[in-house]
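I opened this entry to note what I looked up, residue by residue, before reading anything further into the coordinates.

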Amino acid sequence: MAGGLPHPQFIVPAALEAVGITGVPVHVAYTWVVMLLLFTIGILVRKNLTLVPGKLQNVFELIIGGLENFCVANVGEKGREIFHVIVILFLFILPCNWFGLIPGLDAPTANVNTNAALALFLFMYYNWIGIKKWGAGYIKHFMGPVPAMAPLMIILEFISHLARPLSLTLRLFGNIKGEEIVLILMFMLAPIVGSLPMYFLFVLAKFIQAFIFFMLGMIYLKGSLDHAH
């Protein structure tokens with residue numbers, strides 16, 4: 001932990017070492033835990049699907065149905081083609097963010113490598129969707145609306161698109177890491193009075209960060225699906 005803060009004790013890496021699995025980075029270990037958690041919940045929901053939904057099915061129908069409606073309202077019906085990818089990103093990032101609020105656990109998204117992998121995947125996916133839909137004509141998305149300005153615009157757009165993975169990575173990393181450091185400092189200064197209100201505030205803030213990643217992914221995909229003018 002930077003800045004002279006005490007080094008936290010993590011449960012999962014310690015458990016892995018206890019069974020002889022060593023050398024696994026903390027953020028990778030907790031990424032595995034999040035994946036296992038999501039697979040388990042997914043299997044449970046799939047196994048218990050009914051016409052009259054239970055509590056768990058209701059929660060997922062509310063989240064996924066709400067996000068799908070939001071995506072279709074902003075992208076149009078073609079948004080249903082790409083929705084499954086960005087909702088998986090949201091459902092993965094959200095527990096990753098929240099893990100940092102549980103004592104003994106760590107947020108995988110507080111590590112820049114996790115966020116870089118997510119950002120690069122999104123970057124490659126929305127460009128692949130654009131190439132798949134428009135073929136060689138996808139290059140028009142980088143040329144701007146005025147043909148005379150195309151040589152300049154293609155350079156600017158190229159730089160702009162290359163900056164997107166970096167922006168996505170640093171935004172998520174900075175917010176999640178910063179919130180964790182603030183929470184630790186508040187706990188050291190005033191364990192209950194200082195940290196409890198911040199704790200609930202950061203539950204909301206980490207949800208918002210996952211939603212921002214979802215929303216930016218949706219905007220980038222909308223750009224690759226729309227016709228270039």
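**Notebook: helix H5, helix H7 and a surface patch**

I began with Thr114, which I found in helix H5. The model is a predicted one, and I therefore checked confidence early, because coordinates should not be read in detail where pLDDT is low. Helix H5, spanning residues 112-134, has the highest confidence in the protein chain, at a mean of 96, while helix H1 (residues 11-18) has the lowest, at 84. For the protein chain I noted an average pLDDT of 89, with 96% of the residues scoring at least 70.

Is Thr114 buried or exposed? I noted it as buried, because its relative accessibility is 9% and the cut-off for buried is under 20%. Setting aside neighbours within four places in sequence, I listed His27, Thr31 and Pro108 as the contacts of Thr114.

I turned next to Phe214, which lies in helix H7 (residues 195-225) and counts as buried because its relative accessibility is 1%. Which residues does Phe214 touch, not counting those up to four places away in sequence? I wrote down Leu67, Phe70, Phe83, Ile86, Val87 and Phe90. For Val87 I also recorded the separation from Phe214, which is 127 residues in sequence and 6.9 Å in space, C-alpha to C-alpha.

Last, I looked at the surface, where Trp32, Met35, Phe39 and Ile43 make a nonpolar patch of about 460 Å². Trp32 belongs to helix H2, residues 26-47, and I entered Trp32 as partly exposed because its relative accessibility is 46%.

Note on methods. Residues numbered from 1 in each chain as written. Predicted model: local features only at pLDDT ≥ 70, side-chain atom pairs only at ≥ 80, totals over all residues. Heavy atoms only, no water. Patch = residues over 30% accessible without salt bridge, like charges linked within 9 Å, V, L, I, M, F, W, Y side chains within 5 Å. Areas by Shrake-Rupley, 256 points an atom, 1.4 Å probe, with all protein chains shown as cover. Salt bridge = Lys/Arg side-chain N within 4 Å of Asp/Glu carboxyl O. Helix = DSSP H or I, 4+ residues; strand = E, 2+ residues; numbered from the N terminus. Buried < 20%, exposed > 50% of the residue type's maximum accessible area, 1.4 Å probe, protein only. Contact = heavy atoms within 4.5 Å. pLDDT = per-residue confidence, 0-100.
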